[in-house]
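User: Could you take a close look at a single strand in this model and follow the pairing out from there? After that, please carry on into the rest of the assembly.

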Amino acid sequence: MARVLIIEDDRVTADEIGAELQRYGLETEWVGDGNTGLERARGGFYDAITLDRMLPGMDGLTLVTRLRESGVQTPVLMISALSDADERVRGLRAGGDDYLTKPFNPDEMAARIEVLLRRHANASRPMVLRVGDLELDLIDRTARRGGTLLDLLPTEFRLLEFLMRHSGRVLTRTMIFEAVWGYHFDPGTNVIEVHIGRLRRKLDPPEREPLIHTVRGAGYVLEAR
Amino acid sequence: MKLAELSRVSTVRLLPIYGLLFILWSVLLVGWVQYDTKRYLSGVVDEILRQRMHYLNHIDRQRLPEAMAQTVALDLQGVMLYGLFDQQGRKLVGNIEQMPGGVSLDGVVHFLPGGVRKEGDQRPIRSRGLATRLDTGEVLILARATSVVDEVNAIIYRSLLWGLSLTVIPGLIGGLWLARGPLRRIRALESAAQPIMRGDLHQRLPISERRDELDMLAGIVNSMLQEIERLMSEVKGVCDSIAHDLRTPLTRLRTQLHRMHREAADETAHRAVLEHAISDVDSLLDRFRALLRISELEDMHRRAGFTDVNLVKTIDHVREIYTPLAEDKHITFSFEVAHDIPLVRGDPHLLLEAVSNIVDNAIKFTPTGGSIHLRLTQDAAEGVRIDVIDSGPGICTTERDVVLQRFYRGTCTSKDVSGSGLGLSIVAAIVKLHGFKLQIIDNPSGGAWFSLSCGPAAAA
């Protein structure tokens with residue numbers, strides 16, 4: 001079972017994170033200050049860390065920098081009340097793997113942790129991604145479903161690649177927008193919906209089992225059910 | 001420093017008035033001095049002439065020529081003129097060539113308007129003189145050149161000219177030079193006020209150590225700014241903390257609804273209600289997020305994160321992101337990108353967000369089957385410019401200013417479009433941060449036309 005270290009000084013938030021992650025079947029541990037957090041994290045027995053940006057003792061940026069200096073590569077999700085784009089860049093530069101702004105949607109947080117866990121687990125980059133009868137060749141940049149070549153636009157290919165890399169995980173709209181286009185703002189409800197809709201029409205012809213599923217109120221998941 | 005600007009400084013305006021008064025007064029003063037001097041000197045001349053005449057009058061007719069010659073011999077300066085003429089006006093004795101015209105034989109000293117021609121001279125000499133008829137019927141004329149008086153006059157006149165030019169010209173130059181001081185300080189105030197006008201209320205106007213009237217004015221403005229800043233931060237603080245504080249409980253509410261929804265099994269009616277509630281909470285959260293985003297953008301004063309942005313790429317991304325949305329609504333989404341668009345200074349993410357919001361808005365308001373035209377051009381006057389023109393209902397002239405304000409949603413357009421009314425406020429905040437200009441232009445075909453001028457090209 002994957003273990004997640006929660007470094008967060010606010011008890012209520014920590015509980016919220018813990019409850020949500022446990023719901024996804026993850027084991028959690030909570031630490032309330034930076035110094036203890038760094039100590040524990042260096043132990044290296046965790047699969048992921050959620051890290052508050054502002055902490056008593058040692059702030060989140062310093063902590064993640066020290067952690068990376070000591071060679072620990074555990075994925076870190078930085079959680080911060082500072083939503084500024086520069087803050088995000090700073091957090092990611094210091095060694096954070098992802099960045100989330102407070103107050104966050106717990107689903108979104110859990111989805112991001114899941115992605116981090118997955119990314120860390122298969123660090124090796126496969127040449128071909130497969131989900132059910134869907135096959136994505138990353139070298140040829142072609143997609144096939146049951147042997148039939150799919151005619152995808154570059155954007156659709158990137159979108160599908162992201163969904164397939166994290167198949168079985170719920171991906172929120174913002175996560176998709178960030179990953180596929182690289183921008184960190186709210187593109188509005190429709191944008192991702194429409195893009196997913198188009199991909200779906202190409203991917204899931206009526207006679208076949210659908211692969212892209214909508215998780216109401218949360219996002220999308222690609223999996224063979 | 002421009003001349004027109006300099007001429008408006010109060011010191012410079014006062015200069016000609018003071019100069020004129022000074023000249024007038026000097027002329028009056030010198031005129032009086034000159035008049036008085038002339039009167040005095042003429043008096044002296046007249047006295048001499050009268051005495052001589054008196055003396056000559058009492059000399060025997062036979063000895064008269066001799067006495068006259070003596071008188072002239074005594075006159076080393078050569079200013080004395082005399083002459084004895086017979087009844088027909090012919091010269092008998094003396095150094096006067098001919099009888100001057102207009103002489104009255106009354107024995108009183110007059111200024112001789114025609115002057116007196118001295119023997120051997122071509123031109124008549126300005127002089128004062130008197131004439132009497134002797135008992136013999138001959139005419140005796142005595143005159144004295146006024147050259148001394150004239151010389152003194154000339155000296156006074158010259159000293160007036162010199163005095164004026166030595167005071168008025170340096171005075172004018174000095175005045176202009178002095179006027180540059182206040183102008184330079186106005187310049188400093190102006191440049192200090194620029195960031196304040198851009199919304200950076202932390203800035204204050206500079207106050208020098210002179211504590212003069214400009215400083216007093218700057219001080220008044222500064223205390224006004226202080227108060228405005230305090231009020232603004234209060235209002236903003238209230239807005240932000242409402243948005244911020246409500247976000248957390250709303251997020252929790254959403255989580256709970258979500259949990260209930262998950263556990264609600266298949267009771268469809270129940271689930272539908274919960275789904276509806278979740279989407280309502282979501283739109284509330286979206287609104288708060290947008291509000292906080294605006295205030296975050298408004299707080300960003302630094303432009304350290306700015307780089308050179310290739311707007312062609314930005315437009316490409318917008319095309320990629322929004323074309324499917326337009327196609328779904330059967331809207332013709334056309335693009336026009338000019339060649340050689342220079343880079344602009346800005347934040348690429350924010351600029352994409354701004355253009356996205358405008359396009360998103362256009363797609364929302366343009367009815368099915370309509371069209372949207374996105375144009376990236378460059379012209380000499382306004383630099384790089386992005387235009388988004390749609391065939392929707394457009395924005396009423398009266399609403400053009402307010403649509404950029406928070407929460408405002410057009411009332412004279414369709415009301416069935418969902419949205420927070422914050423999209424354009426975000427655009428406005430981003431535009432302001434960049435120092436660009438967003439305009440809503442009259443569209444002859446009726447739709448909305450947004451024009452974003454990205455300032456002067458390249459160098460910006």
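Analyst: Happy to! Two strands are said to pair if DSSP finds at least two bridges between them; strands (E, at least two residues) and helices (H or I, at least four) are DSSP runs, numbered from the N terminus. This is a predicted model: local features need pLDDT of at least 70, side-chain atom pairs count only at pLDDT 80 or more, and totals for chains, interfaces and linings use all residues. Residues are numbered from 1 along each chain as its sequence is written, while chains are lettered from A and ligands numbered from 1 in the order in which they are written.

The strand I would pick is S4 of chain A, residues 76–80. S4(A) pairs in the parallel sense with S5(A), residues 98–101, over four bridges, and within that pairing A:Ile79 is the bridge partner of A:Leu100. S4(A) also pairs in the parallel sense with S3(A), residues 48–52, again over four bridges. There A:Ile79 is the bridge partner of A:Asp52. S3(A), helix H3(A) (residues 60–69) and S4(A) together form a right-handed β-α-β unit; right-handed here says that, with the strands pointing away from the viewer, the path from the first strand over the helix to the second runs clockwise.

How covered is S4(A)? Five of its five residues are buried, that is, each has 20 or more other C-beta atoms within 10 Å of its own (12 or fewer would be exposed, in between partly exposed, with C-beta atoms placed from the backbone). A:Val76, A:Met78 and A:Ser80 point one way from the strand, and A:Leu77 and A:Ile79 point the other way.

A:Leu77 leads us on to the nonpolar core, a set of buried Ala, Val, Leu, Ile, Met, Phe, Trp, Tyr and Cys residues joined through C-beta atoms within 7 Å. The largest one has 105 residues, and A:Leu77 is listed with A:Ile49, A:Leu51, B:Val359, B:Val388 and B:Ile430 as having the most contacts inside it. Helix H8(B), residues 348–365, gives the most to this core, with 10 residues. A second, separate core of 21 residues includes B:Met68, B:Leu84, B:Phe85 and B:Leu112. As for A:Ile49, leaving aside neighbours within four places in sequence, its contacts (C-beta atoms, placed from the backbone, within 7 Å) are A:Val4, A:Leu5, A:Ile7, A:Ala41, A:Thr74 and A:Val76 of S4(A).

Stepping back, chain A comes to eight helices and 12 strands. Buried residues make up 41% of its 225 residues. Of the contacts in chain A with a separation of 6 or more, 60% join residues 24 or more positions apart.

Next, the meeting of the two chains. In all, 23 residues of chain A are in contact with 24 residues of chain B. On the chain A side, the elements giving two or more residues are helices H4(A) (85–94), H5(A) (106–121) and H8(A) (189–203), and H8(A) gives the largest share, five residues.

Chain B has an extended helix to look at too: H4(B), residues 147–197. Its 51 residues should span 75 Å at 1.5 Å a residue, and the end C-alpha atoms are 72 Å apart, which agrees; the expected span is 1.5 Å times one less than the number of residues. Just after H4(B), B:Gly199 takes a positive phi of about 110 degrees. B:Arg211, in the loop between H4(B) and H5(B) (213–263), has a phi near 60 degrees, positive in a residue other than glycine. With 10 other C-beta atoms within 10 Å, B:Arg211 is exposed.

An unreviewed UniProt entry lists residues 12–33 and 160–179 of chain B as "transmembrane region"; such annotations, given in the numbering used here with shortened feature names, may be inferred rather than shown by experiment. Residues 12–33 are 100% helix, with end C-alpha atoms 32 Å apart. Residues 160–179 are also 100% helix, with ends 27 Å apart.

Finally, B:Ser391 sits in the loop between strand S10(B) (383–390) and helix H9(B) (423–434). Why is B:Ser391 counted as buried? Because it has 21 C-beta neighbours inside 10 Å. Leaving aside neighbours within four places in sequence, B:Ser391 is in contact with B:Thr366, B:Gly370, B:Ser371, B:Ser445 and B:Gly447.

Conventions. Two residues are in contact if their C-beta atoms, placed from the backbone, lie within 7 Å.
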